Every structure is written in structure tokens, then in C-alpha cells.
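Subject: Structure for your review

Dear colleague,

Please find below the structure that I am handing over to you. My findings follow it, and I would be grateful if you read them with the structure open.

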Amino acid sequence: MPANPSTDRSNLVNALLIMLTAITAVFILIMAKDILVPLVLGTFLALLLFPAAEQMERKGWPRILTNLVLIILFFAGLSGVIFVVVKLFFNFSEDLPFIKEQINQKILTFQGWLEGVIGMSPKQQQELFASRTGMVFDTAGQLFKNIFTATTGTIFKIGILPVFTFMFLYYRDKFRQFLFKMLPQSTHYRADNIIREISYVTPSYLKGLLIVVSILVVVNSAVFFFIGVRHPLFFGIVAALFNLIPYLGTIIGYLVALVFVLGAQSLDVAVALVITFIVVQFVENNILTPNITGVNVSINPFVTILMIVVGGMIWGLPGMFIVIPIMSMFKIACENIPNLRPIAFLIGV
């Protein structure tokens with residue numbers, strides 16, 4: 001049977017509309033990230049604090065007072081963590097000149113070994129590599145300062161986060177009623193199921209993730225101290241915080257410590273660090289995360305890694321952290337909408 005030209009044109013137009021919608025959505029997400037990132041983070045924090053707020057309100061606490069107490073306590077703890085990390089960073093940055101000296105000594109040792117192997121004098125090697133390696137080492141301190149400046153800039157940009165969190169908690173009933181007013185009556189039961197599942201699964205996952213990160217801070221710091229890594233608490237916190245990124249986070253966090261150890265310390269410590277990474281990665285993936293965060297957020301590894309890359313491209317480091325909770329909420333919605341259940345099946349384990 002010959003193809004229908006009008007049907008082909010209609011399919012082409014639909015495909016072009018979908019592509020245009022996707023491109024427009026990505027453009028809006030990138031251009032509006034300064035407001036969307038704190039808005040999404042405020043939503044997640046509101047969901048994280050929601051169970052405690054609900055319990056306090058059941059005991060007779062006024063909603064305004066409940067929200068204020070919970071938000072003040074949470075951000076007071078967060079400020080304490082930031083203060084410790086900043087102080088540890090400055091202590092580490094003071095050690096950068098010594099680290100550079102250690103690296104230069106290792107380069108001289110390597111140049112002597114290379115001269116004996118291929119007969120190239122240190123002067124020739126320096127002419128060949130100095131223009132590149134010198135640039136790297138001379139700007140190492142500036143690189144750390146740039147990273148820190150970007151981080152503090154992000155912190156200031158999300159200074160409105162407590163306000164968003166308070167508003168989401170305070171007006172949660174109004175948002176719920178607005179959603180029901182926008183949807184047909186026949187879909188209210190399904191929408192209520194989606195809201196209840198998200199209100200249960202997301203706080204459970206986020207709370208479990210924070211517990212895992214806290215445990216890893218202690219474990220990483222203790223092991224780093226035991227094997228002789230300098231600045232063990234700083235690198236222990238860095239490695240643990242990167243664990244907020246599934247699959248790739250632990251690798252990135254330990255890679256930061258490994259680069260430092262290879263440059264400024266002995267090979268024995270580097271080998272011990274690699275062994276530590278293997279053990280911690282196994283324990284975290286097979287014991288800590290499954291038993292603490294639970295199996296509620298069941299997204300397959302391929303989709304997880306793909307979305308982490310996409311989140312990083314769109315929103316940078318914050319996008320890598322928050323994309324998985326967003327995907328878990330999207331998966332819950334797809335599971336409750338018959339036409340979207342194939343998508344839930346595709347992204348699930």
C-alpha cells in the first residue's frame with residue numbers, strides 16, 4: 001500500500017515540534033539556571049523537612065513557627081559544615097608552595113631517570129616540557145582559588161534558598177489545591193497517589209543520602225589519616241561530598257586525593273589510597289547505600305550516568321547533584337500514568 005503523503009508530513013511536523021520543544025526547554029533551563037537551581041533545591045529541602053514539619057504540626061505547633069525552627073536548625077548545621085570546609089580549604093591552600101616544591105623535586109628525579117634511559121639531558125627535557133608543566137604548576141594555587149571563588153559565588157546566588165524552602169512548606173496545601181484545580185476531576189485520585197509517593201520516597205532518599213555522606217566523611221577521614229594522607233579531614237570531606245553524585249562521585253572524590261598524593265607524597269601512600277577506594281566503593285555500593293537509602297529510587301545505571309552528564313552540561317555541578325532526585329520524581333509520575341508507564345519501565349532497573 002503506498003504511503004500517505006499527508007501522514008508522512010504530519011509525522012515530520014510532530015517530530016520537528018518535539019525537537020523544537022526540547023531545544024527551547026534546554027535553552028530556558030540554561031538561561032534561567034540562577035533562579036531555577038535554588039527553586040529546585042528549595043523544593044527538595046521542603047520535601048526533606050516535610051515529615052518533621054508534619055509531625056510537629058500534629059503536636060500543635062503553628063505552621064509558621066514549625067517552618068522557622070526547622071529551617072533555622074537545618075541552615076545553622078549547613079553553615080557549620082561550610083565553615084569547617086572553608087577553614088580546611090585555607091589550611092590546605094597554605095600548603096600549596098610546599099606541594100609545588102615536592103612536585104618539582106619529583107620532576108627532577110624523573111628527569112634524571114629519563115636521561116639514563118634515553119640519553120636526553122635535563123636541559124633538553126626542560127626545553128621540551130617546561131613551557132607546559134611550568135604553566136600547570138605555576139597556576140595550581142590560582143586554580144584552587146578560582147574553584148573556591150566559584151563555589152562561594154554559588155553559595156551567595158542561592159542565598160534565597162531558605163525563603164523558597166519556607167514558602168514551599170508554608171503554602172504546600174495551596175500548591176496541592178492549585179494542582180487539583182488545574183486537573184480534571186477524573187485524574188485527582190491518580191494525582192493524589194503521585195503526590196503521596198513523592199512526599200514519601202524523596203525525603204527518605206535524601207535523608208538516607210545525607211546519612212551515607214556523613215558516614216563516609218568519618219570513614220574516609222579516618223582511613224586517610226591511617227594511611228598517611230596529608231590533610232585527611234579535608235580530602236575525606238571532599239570525597240564524601242562528591243558521593244552525592246551516584247556512581248561517578250566516589251571516583252571523582254578519590255581521584256582528587258590521588259592526584260595530590262602522587263604529586264606531593266610517596267607511591268606507597270598512593271597505592272594504599274587506591275586499595276582504600278576499592279574497599280570503600282564496594283562497601284558503599286553494596287552495603288551502605290542499599291540499606292540506608294533503600295531501593296525506592298530504582299533508576300538503572302545507564303540512565304543515571306546519562307542524566308548526570310546532561311545535568312552537568314545544563315546546570316553544572318548543582319545539576320549533577322539534583323538530577324537523580326528529579327528523575328526519581330519523574331519515574332513516580334510515569335508509573336502512575338498509564339500512557340507513560342513504558343518510560344518508567346525504560347528508566348527503571
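In this predicted model, helix α2 and helix α13 are oblique to each other, because their packing angle is about 40° and angles from 35 to 65 degrees fall outside the roughly parallel and roughly perpendicular ranges. The axes of the two helices lie 11 Å apart, and their crossing is left-handed. Helix α2 covers residues 33-58, while helix α13 covers residues 301-336.

Which residues make the contact between these helices? From α2 come Lys 33, Leu 36, Val 37, Val 40, Leu 41, Phe 44 and Leu 47. From α13 come Ile 314, Trp 315, Pro 318, Ile 322, Pro 325, Ile 326 and Met 329. By character, 13 residues of this contact are nonpolar and 1 is charged, with no polar residue among them. The charged residue is Lys 33 of α2.

Turning to the protein as a whole, there are 14 helices and 0 strands. Of its 349 residues, 33% are buried. Among contacts between residues at least 6 apart in sequence, 70% join residues at least 24 apart.

A word on confidence is also due. The mean pLDDT of the protein is 79, and 79% of the residues reach 70 or more. Over residues 131-144, however, the pLDDT is below 50. Beyond near neighbours in sequence, that stretch has 12 contacts in the model.

Yours faithfully,
A colleague

Key
Residues are numbered from 1 along each chain as its sequence is written. This is a predicted model: local features need pLDDT of at least 70, side-chain atom pairs count only at pLDDT 80 or more; totals for chains, interfaces and linings use all residues. Side-chain values use heavy atoms; hydrogens and water are left out. pLDDT is the predictor's confidence in each residue, from 0 to 100. Contact means heavy atoms within 4.5 Å. Axes are lines fitted to C-alpha atoms, for helices over the stretch in contact, and angles run from 0 to 180 degrees between N-to-C directions. Helices (H or I, at least four residues) and strands (E, at least two) are DSSP runs, numbered from the N terminus. Angles under 35 degrees count as roughly parallel, over 145 as roughly antiparallel, 65 to 115 as roughly perpendicular and the rest as oblique. A crossing is left-handed if the near helix is turned anticlockwise from the far one by less than a right angle, and right-handed if clockwise. Buried means under 20% relative accessible area, exposed over 50%, partly exposed in between (1.4 Å probe, protein chains only).
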